[in-house]
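Here are my notes on the model you sent over. Have the structure open while you read, and go through the points one by one.

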Amino acid sequence: MDPYLLGLRLGGRRVVVVGGGGVASRRVPALLDAGADVMVVSPKAAASLEDLAAAGRIRWEARGYRPGDCAGAWLACACTDDTAVNAAVAAEAEAQLTWCVRADDAGLSAAWTPASGRAGDVRVGVLSADPKHGDPRHSAAIRDAVLDGLRSGALSARHGRGHRGGVAIIGGGPGDPGLITVRGRQLLAEADVVLTDRLAPRSLLDELRDDVEIIDAGKIPYGRAMAQEHINAALVSHARAGRFVARLKGGDPFVFGRGAEEVLACLRAGVPVTVVPGVTSAVGVPASAWVPVTHRGVAQEFHVVSVHVAPGDERSTVNWELLGGSSGTLVLLMAVERIGAVADELLRFGRNRDTPVCVIADGTLPTQRTINSTLEQVESRVAEEGVRPPAIVVVGDVVNVAAEITELMRHVTA
Ligand SMILES: C[S@@+](CC[C@H](N)C(=O)[O-])C[C@H]1O[C@@H](n2cnc3c(N)ncnc32)[C@H](O)[C@@H]1O
């Protein structure tokens, strides 16, 4: 017979999980998300379960299963690798009319766990009609296809539910469309109007429905751009007209992104606003070139600096003396055109001429390129190579770690 699909509301209700291995560690977080009062019974528990017990989020009975453990439970999960124990748990649960999911044998299980996931306010669950013989990867693949469709907007979750309003300030990550967060992508798919920046992952715009209005607020350095006050005004006026507005920005909205200015403008106008953090280029772009911004024994600190004005410019508030004297990694944004002045300043305040420097342009994009140099040479190398923004400059010994990684990578085939 076909299973009867149901959504269990487990808030404050006891769920007993017998077993503390891989299956239990997958099930328990979802049970906690549903608000269940989870008790794990197992002589040993995976580290993640131990952590949850130490934090008081679950109760862990560090012993084997005993008859009576299912007392008071609304649901039991038999997840040990011992068939006899799982059978005993299932029998106890059955006797007291408690649903039991057996991880070892779907055919003997009273209840089945669907492949599940969430896209916005929609919860998706997929069950094979015959989990005993069906391949669980098939259900998981269908679940993933549905979730992907909902997140990208290819399947619209908008119909039949309340329409979202206000503004979402979304960090799109450094450029690769795969580096936006799941929430960012969901909210983008629901938008009526999208205001984008030049460095936002614009290829995601192709996936939007035809009726979505796209406003290009791109700021081209020294070129045409929509003034910030016009962007703020557009966010507010579209939201006031009842549209859900997505403001798609590059990297993280709050890292040299004027995201907080936009949040303040919305709130001052009484418009509800949410912010979705993004992968900042300050960390994501170095990582895409194998540069770790910290590395044990090499760098304990990293400084992220905007060089939109040169050292010495009266508008600069950066303490170059401190940065020159520090041994921490420097991650410089908007620095390409002023790299000579920056290098001079760092040398003046104590950095070594041979300090490794890495310049990464178009990070995470198909056109990404990396130039390795030293503090003494970087200005001429950048000029020779004709490096153009956007680029990140990393200064410090962590650049040598990237060299070691790339050398080893040459010997490791996928
Ligand atoms: C106005 S800042 C915005 C930073 C953004 N909010 C973030 O968190 O990444 C723009 C600067 O970020 C850096 N940047 C952004 N995306 C980049 C990319 N894909 N590759 C290299 N640098 C990038 C460049 O230094 C660029 O000039």
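**Notes on the model**

1. Let's start with a loop. Pro390 sits in the loop that runs between α11 (378–385) and β17. Keep in mind that this is a predicted model. The peptide bond joining Pro389 and Pro390 is cis, with omega at about 5°. Most peptide bonds are trans, so this one is worth a look on your screen.

2. Another backbone oddity is Phe256. Phe256 isn't a glycine, yet its phi is positive, at about 45°. Most residues other than glycine have a negative phi. Where do you find Phe256? Look in the loop between β11 and α7 (259–268).

3. Now for the sheets. One is an open sheet of five strands, and its pairing is parallel. Read across it and you get the order β10-β9-β11-β8-β12. Which strands are at the edges? Those are β10 (213–216) and β12 (273–276), each of which pairs on one side only. From one strand to the next, the twist averages 15°.

4. Zoom in on one pair from that sheet. Strand β9 (residues 193–196) and strand β11 (residues 245–249) pair in the parallel sense, over four bridges. If you want a spot to find by eye, Val193 stands opposite Val245 in β11.

5. There's a helix to go with this sheet, too. Helix α6 (residues 228–240) lies across β8 (167–171), β9, β10 and β11. Relative to β11, α6 runs at about 150°.

6. On to the other five-stranded open sheet, where the order is β13-β14-β17-β15-β16. Is the pairing here parallel, antiparallel or mixed? It's mixed. The edge strands are β13 (302–306) and β16 (369–374), and each pairs on one side only. The twist in this sheet averages 20° from one strand to the next.

7. Again, pick out a pair. Strand β14 (residues 329–333) and strand β17 (residues 391–395) run antiparallel and are paired over four bridges. Here Leu332 is the residue opposite Val393 in β17.

8. Helix α8 (residues 281–288) lies across β13, β14, β15 (356–361) and β17. Its direction makes an angle of about 80° with β17.

9. Next, two helices packed on each other. Two packed helices are described by the angle between their axes and the distance between the axes. For helix α4 (residues 136–152) and helix α5 (residues 182–190), the angle is about 60° and the axes are 6 Å apart. The pair is therefore oblique. On the α4 side, the contact is made by Leu150, Arg151 and Ser152. On the α5 side, Val182, Arg185, Gln186 and Ala189 take part. How do these residues divide by type? Three are nonpolar, two are polar and two are charged.

10. Last stop, the ligand. There are 18 residues around it, and those that come nearest are Pro174, Val255, Thr280, Ser281 and Ala391. Some backbone atoms make polar contacts here as well. A polar backbone atom of Val255 is 2.7 Å from a nitrogen atom of the ligand. For Asp252, a backbone N or O atom lies 2.9 Å from a ligand oxygen atom. Met334 also has a backbone N or O atom 2.9 Å from an oxygen atom of the ligand.

Notes. Residues are numbered from 1 along each chain as its sequence is written. This is a predicted model: local features need pLDDT of at least 70, side-chain atom pairs count only at pLDDT 80 or more; totals for chains, interfaces and linings use all residues. Side-chain values use heavy atoms; hydrogens and water are left out. Axes are lines fitted to C-alpha atoms, for helices over the stretch in contact, and angles run from 0 to 180 degrees between N-to-C directions. Helices (H or I, at least four residues) and strands (E, at least two) are DSSP runs, numbered from the N terminus. Angles under 35 degrees count as roughly parallel, over 145 as roughly antiparallel, 65 to 115 as roughly perpendicular and the rest as oblique. Contact means heavy atoms within 4.5 Å. Ala, Val, Leu, Ile, Met, Phe, Trp, Tyr, Cys and Pro count as nonpolar, Asp, Glu, Lys and Arg as charged, and the others, Gly among them, as polar. Two strands pair if DSSP finds at least two bridges between them. A residue is near a molecule or strand if one of its heavy atoms lies within 4 Å of it. A polar contact is a pair of N or O atoms within 3.5 Å; within protein, one must be able to donate a hydrogen and the other to accept it, and residues adjacent in sequence count only if both atoms are side-chain atoms.
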